[in-house]
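Trainee: I would like a close look at one part of this model. Please take me through the strands around the ligand and what they pair with.

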Amino acid sequence: MNIENASLAEEYAERGLVSPIDIFSSDEIAIYRAKFDELENKLGKEKCQIGLIDWHLKEQFVWDLATAPKLIETMRNLIGEDILLLATHFFCKYPEKDPKSYVAWHQDVTYWGLDPAEAHTAWIAVDDADVENGSMLVIPGSHKNGILTHGVSDTDDNLLSINQAIPDELIDEDSAIQLALKAGQISVHEGMVVHASMPNGSNRRRCGLTVRFIHPRVKRAEAPSYTEENHPILVSGKDEFRNFPETVPPFPFQGRK
Ligand SMILES: O=C(O)CCC(=O)C(=O)O
């Protein structure tokens, strides 16, 4: 690991997040965005808002986004050589469809049923994400404070799967930072870090692909709340644990023979 990568890994360990990181050029992400637009035209916005879970198993462009060599290289620098791709999930906020939709404060691993409760998310900006259209809000360092109590939010507008929400009194909003990203950039957040996102107040879509990674030592303790089951796939290094049935990659890895 070179000095730059070592300091990125240190920052990730310390703050539970790194952002922004350039992964796709604007030309590259424009091609992926056009493919997403095509899918959205076919399936409708209702489905695309939060209904596209693990579509890397079905659509090659999602697979290519989730396993892009530069993304996997970045994850390797942050979390080590051995990596399973656990899941993917699009989060799209459409201003005209539902301008109130938001993501309540939460910690990812509280509802993913993993043991140990360790996971890492790369959030790929398919569209530009900024304060106006509801980019992610994260509390740096909050992953060091353990799991906070989650309740249920008192609105129907929370996009999270079981409407989970950390009560406001446990959140110090002043310490939160916005993860504004240009399309093609990513942020990476640790599964215990407290995060949220506010409604889309712009007239632009805000679409991001979350790509969830785990170390092969992580086991399934119970079913995740957001889907029946995932099908983890080895995307780097080796799996000496075999905690999950092997899933054959649905498409070839880019840049690998
Ligand atoms: O896209 C968002 O606004 C929220 C994403 C999120 O909560 C997550 O990646 O866990």
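Mentor: Start with a definition: two strands pair if DSSP finds at least two bridges between them. Keep in mind that this is a predicted model.

Take β12 as the centre. Strand β2, residues 83-93, is joined to β12 by nine bridges, and the two run antiparallel. Within that pairing, lysine 93 sits opposite arginine 206 of β12. β5 is also a partner of β12: six bridges link them, again antiparallel. Here threonine 121 has arginine 212 of β12 as its bridge partner.

Is β12 enclosed or open? Eight of its nine residues are buried, so β12 is largely enclosed by the rest of the structure. Buried here means that 20 or more other C-beta atoms lie within 10 Å of the residue's own.

Now the ligand. Around it stand Phe91, Val103, Asp108, Thr121, Trp123, Met136, His195, Ser197, Gly208 and Thr210. Three elements give two or more residues each to this shell: β5 (120-125), β11 (195-197) and β12 (206-214). By character, the shell has four nonpolar residues, five polar and one charged. Thr121 is therefore in two places in this account: it belongs to the ligand shell, and it is bridged to arginine 212.

β11 leads to another sheet. This one is open, with four strands in the order β3-β11-β6-β9 and antiparallel pairing. β3 (103-106) and β9 (177-179) are the edge strands; each has a single partner, so one side of each lacks a neighbour in the sheet. From one strand to the next, the twist averages 25 degrees. At the β9 end, strand β6, residues 136-138, is joined to β9 by three bridges, running antiparallel. Leucine 137 has glutamine 178 in β9 as its bridge partner.

In general, side chains in a regular strand alternate between the two faces of the sheet. Keep that in mind as you step along each strand.

Two helices complete the tour. In α5, residues 69-79, the buried residues are Leu71, Ile72, Thr74, Met75, Asn77, Leu78 and Ile79. Glycine 80 comes just after α5 and takes a positive phi of about 100 degrees. Helix α1, residues 3-15, has 13 residues; at 1.5 Å a residue it should span 18 Å, and its end C-alpha atoms are 18 Å apart, which agrees. Glycine 16 follows α1, and its phi is positive too, near 75 degrees.

Definitions and conventions. Residues are numbered from 1 along each chain as its sequence is written. This is a predicted model: local features need pLDDT of at least 70, side-chain atom pairs count only at pLDDT 80 or more; totals for chains, interfaces and linings use all residues. A residue is near a molecule or strand if its C-beta atom, placed from the backbone, lies within 6 Å of it. Ala, Val, Leu, Ile, Met, Phe, Trp, Tyr, Cys and Pro count as nonpolar, Asp, Glu, Lys and Arg as charged, and the others, Gly among them, as polar. Axes are lines fitted to C-alpha atoms, for helices over the stretch in contact, and angles run from 0 to 180 degrees between N-to-C directions. A residue is buried if 20 or more other C-beta atoms lie within 10 Å of its own, exposed if 12 or fewer, and partly exposed in between; C-beta atoms are placed from the backbone. The expected span of a helix is 1.5 Å times one less than its number of residues.
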